[in-house]
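Welcome, and please take a moment with the sequence and the fold before reading on. The report below moves from one helix to the whole chain and then to a few single residues.

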Amino acid sequence: MNDLHSEHAPFVPGRTALVRPRYDGTDHEFQEPLGAEAICGYLLARGAEARVFDRRLGASVSDIEKFCPDWVGFSLMTEEDAPDALRLRQMLSRPGRRFFAGGLFVTSCMEKARALFPSDTTLIPGEGEGPVWELLTFGEVREGPRPGPNEWAFASRENLSEYLARGGVINIRTARGCRGGCAFCTTPRLCVPKGFETRDVSLVADEMASLVRAGYPPVFNFTDDMFGGYDRVEELEEALSLRGVRAAFSLEMRAREVSLTPPDLWKRLYGGGLCRVFTGMESLNPDTLRAWHKPVDTERLAASLKAMRASGVACEVGYILWHDRQGPEGALREAEGLHALGLLSPKTALSRLVLFPGSPLHEERKARGVELCELGGEAARLHDMWEDVLFPLLKPWTAAACACPRMACEAFLSGERDALSALEGCMERLKEMTWQAIRNGRPPEEKDCEEARRELHSLHIACE
């Protein structure tokens with residue numbers, strides 16, 4: 001247990017409600033609020049009273065009031081979370097009650113968050129465990145040491161059964177930061193002292209084992225921007241085996257690490273529980289990759305992805321097709337290249353560079369807050385046209401992609417791949433429809449879209 005400050009706290013921490021607000025937008029990718037759960041677990045481990053209230057699960061103002069919190073904290077991933085948080089801030093205001101807010105929105109858009117929230121709301125950028133504990137015990141956030149990954153507590157997950165019932169997996173973290181230096185990315189600059197820090201794999205395996213012993217299905221997703229290389233995956237699988245835990249999990253690996261994984265190793269990693277990998281390809285254009293400081297050998301990466309899939313490990317890539325360097329011819333050429341690799345989807349076809357505060361490109365473009373990158377005239381018109389023709393495919397694709405991690409894990413655990421094969425077949429057809437819509441310049445036939453929706457419905461996947 002970490003003693004964040006050796007001195008005695010001047011008062012016992014008050015009761016704390018950690019709130020995930022309603023999302024003022026279209027919530028296509030519903031997941032458990034791991035950030036709030038992690039802070040709650042950290043507070044509970046230190047003897048404080050704390051609870052997570054998830055407005056997306058229906059938590060009401062009266063539910064929060066019945067808890068009688070002294071402190072109310074809001075976890076804001078995006079600006080679309082702010083309206084509900086501000087309404088709650090007003091409705092829950094009481095003499096002596098104090099408020100704070102954190103999360104990615106506060107971290108990346110501090111100026112905008114400061115303008116939105118009343119001045120007596122404490123804003124906490126970066127990871128919240130240490131600063132929230134300081135705020136509760138000392139009444140202010142102090143400059144000083146912050147908990148490292150080995151000092152994180154197990155997340156508090158009182159709503160986990162409901163998240164799993166909605167088709168999710170158990171989110172868990174093992175690291176913070178990233179070793180990369182991509183010009184479009186904020187992660188390496190987000191309050192990580194050493195750029196990239198990992199939690200001991202034994203502690204990660206302990207947390208996973210505790211959840212399995214509690215009766216939850218052993219289906220996990222690591223939320224780290226960078227999990228590490230294949231050696232760390234092997235270490236985790238060995239640690240789980242020593243604990244008698246057979247788990248299935250998905251994670252994110254850097255493109256370089258995927259490329260450096262021996263092709264014949266993927267099958268063994270799959271046998272130990274690795275079911276899905278997400279990696280950032282970002283571009284097939286070498287000039288663009290150089291400009292973004294992303295050293296990726298795309299041919300070698302493509303070969304690794306092929307070997308990965310042949311071994312049973314599902315994979316998807318992050319891609320930024322549209323940006324200020326992109327022209328119509330380049331966009332079509334890259335889309336064709338993605339199609340040839342089996343990676344063109346409605347999401348990759350419409351993916352557009354977002355300028356996040358803290359990234360080199362954000363500073364270079366002198367952007368304010370989070371901004372979509374400007375496109376040139378012809379490129380903007382082509383992007384708009386693609387948005388129109390691909391619109392009928394967006395909901396079914398998003399629903400299928402969100403269901404894939406859970407179904408990949410279940411197929412591994414049960415040995416029954418029929419449902420996963422049906423889902424993957426549907427996703428392949430949606431990818432082909434994406435290419436045909438782009439090539440022909442018109443939306444897919446409604447009967448084909450309806451067939452995809454029926455296939456997903458037969459797999460109990462809602463896409464409306």
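What covers the buried residues of H6? Among the elements that do so are strand S1, helix H1 (34–45), strand S3 (71–75), strand S4 (98–102) and strand S5 (121–124). Please keep in mind throughout that this is a predicted model.

**Helix H6 and its surroundings**

Helix H6 spans residues 129–138, and ten of its ten residues are buried. The list includes two acidic residues by name, Glu129 and Glu134, along with Trp133, Leu135, Leu136 and Phe138. Gly130 and Pro131 belong to the buried residues of H6 too. Directly after the helix comes Gly139, with a positive phi near 80 degrees.

Strand S1, one of the elements covering H6, runs over residues 16–20 and pairs with S2 in the parallel sense through five bridges. Within that pairing, Arg20 has Asp54 of S2 as its bridge partner. Strand S2 itself covers residues 50–54, and four of its five residues are buried.

Helix H1, another part of the cover over H6, holds Glu37. Is Glu37 buried or exposed? Its relative accessibility is 2%, so Glu37 counts as buried. Beyond its neighbours within four places in sequence, Glu37 is in contact with Glu32, Val52, Ala155, Ser156, Arg157 and Tyr163. As for Val52, the C-alpha atoms of Glu37 and Val52 are 6.5 Å apart, while 15 residues separate the two in sequence.

**The chain as a whole**

Stepping back, the chain contains 19 helices and 14 strands. Its radius of gyration is 23 Å, close to the 23 Å that the globule rule gives for 464 residues, so the chain is as compact as a globular protein of that length. Along the principal axes, the C-alpha atoms fill a box of roughly 65 × 55 × 40 Å.

Of the 464 residues, 53% count as buried. The accessible surface comes to about 21,000 Å², and 50% of this area belongs to carbon and sulfur atoms. Sequence separation is worth a look as well: among contacts between residues at least 6 apart in sequence, 75% join residues at least 24 apart.

**An open parallel sheet**

In which order do the five strands of the open sheet lie? The order is S6-S9-S10-S11-S12, with parallel pairing. Strand S6 (170–172) and strand S12 (314–319) are the edge strands, each pairing on one side only. From one strand to the next, the twist averages 20 degrees.

At the S6 edge, S6 pairs with strand S9 (residues 219–222) in the parallel sense over three bridges. Here Ile170 stands opposite Phe220 of S9. Towards the other edge, helix H13 (residues 298–310) lies across strand S11 (274–282) and S12, and H13 runs at about 150 degrees to S12.

**Two positive phi values outside glycine**

Most residues other than glycine have a negative phi. Two residues that depart from this pattern can be found in this model. Cys68 has a positive phi of about 55 degrees although it is not a glycine, and Cys68 sits in the loop between helix H2 (61–66) and S3. Glu282, also a residue other than glycine, has a positive phi near 75 degrees; Glu282 lies in strand S11.

**Cysteines and accessibility**

How many disulfides are there? The count comes to zero. Why does Cys315 have no bond to the closest cysteine sulfur? That sulfur, in Cys404, is 9.4 Å from the sulfur of Cys315, which is too far for a bond, given that a disulfide needs two cysteine sulfur atoms within 2.5 Å.

The table gathers the accessibility of several residues.

| Residue | Relative accessible area | Class |
|---|---|---|
| Glu37 | 2% | buried |
| Cys315 | 5% | buried |
| Cys109 | 8% | buried |
| Glu282 | 11% | buried |
| Cys68 | 48% | partly exposed |

Buried here means under 20% relative accessible area, so Glu282 counts as buried at 11%, whereas Cys68 is partly exposed at 48%.

Methods
Residues are numbered from 1 along each chain as its sequence is written. This is a predicted model: local features need pLDDT of at least 70, side-chain atom pairs count only at pLDDT 80 or more; totals for chains, interfaces and linings use all residues. Side-chain values use heavy atoms; hydrogens and water are left out. Buried means under 20% relative accessible area, exposed over 50%, partly exposed in between (1.4 Å probe, protein chains only). Two strands pair if DSSP finds at least two bridges between them. Axes are lines fitted to C-alpha atoms, for helices over the stretch in contact, and angles run from 0 to 180 degrees between N-to-C directions. Contact means heavy atoms within 4.5 Å. The radius of gyration is taken over C-alpha atoms; the globule rule is 2.2 Å times the number of residues to the power 0.38. Accessible areas come from the Shrake-Rupley method with a 1.4 Å probe; for residues, only the protein chains shown count as cover.
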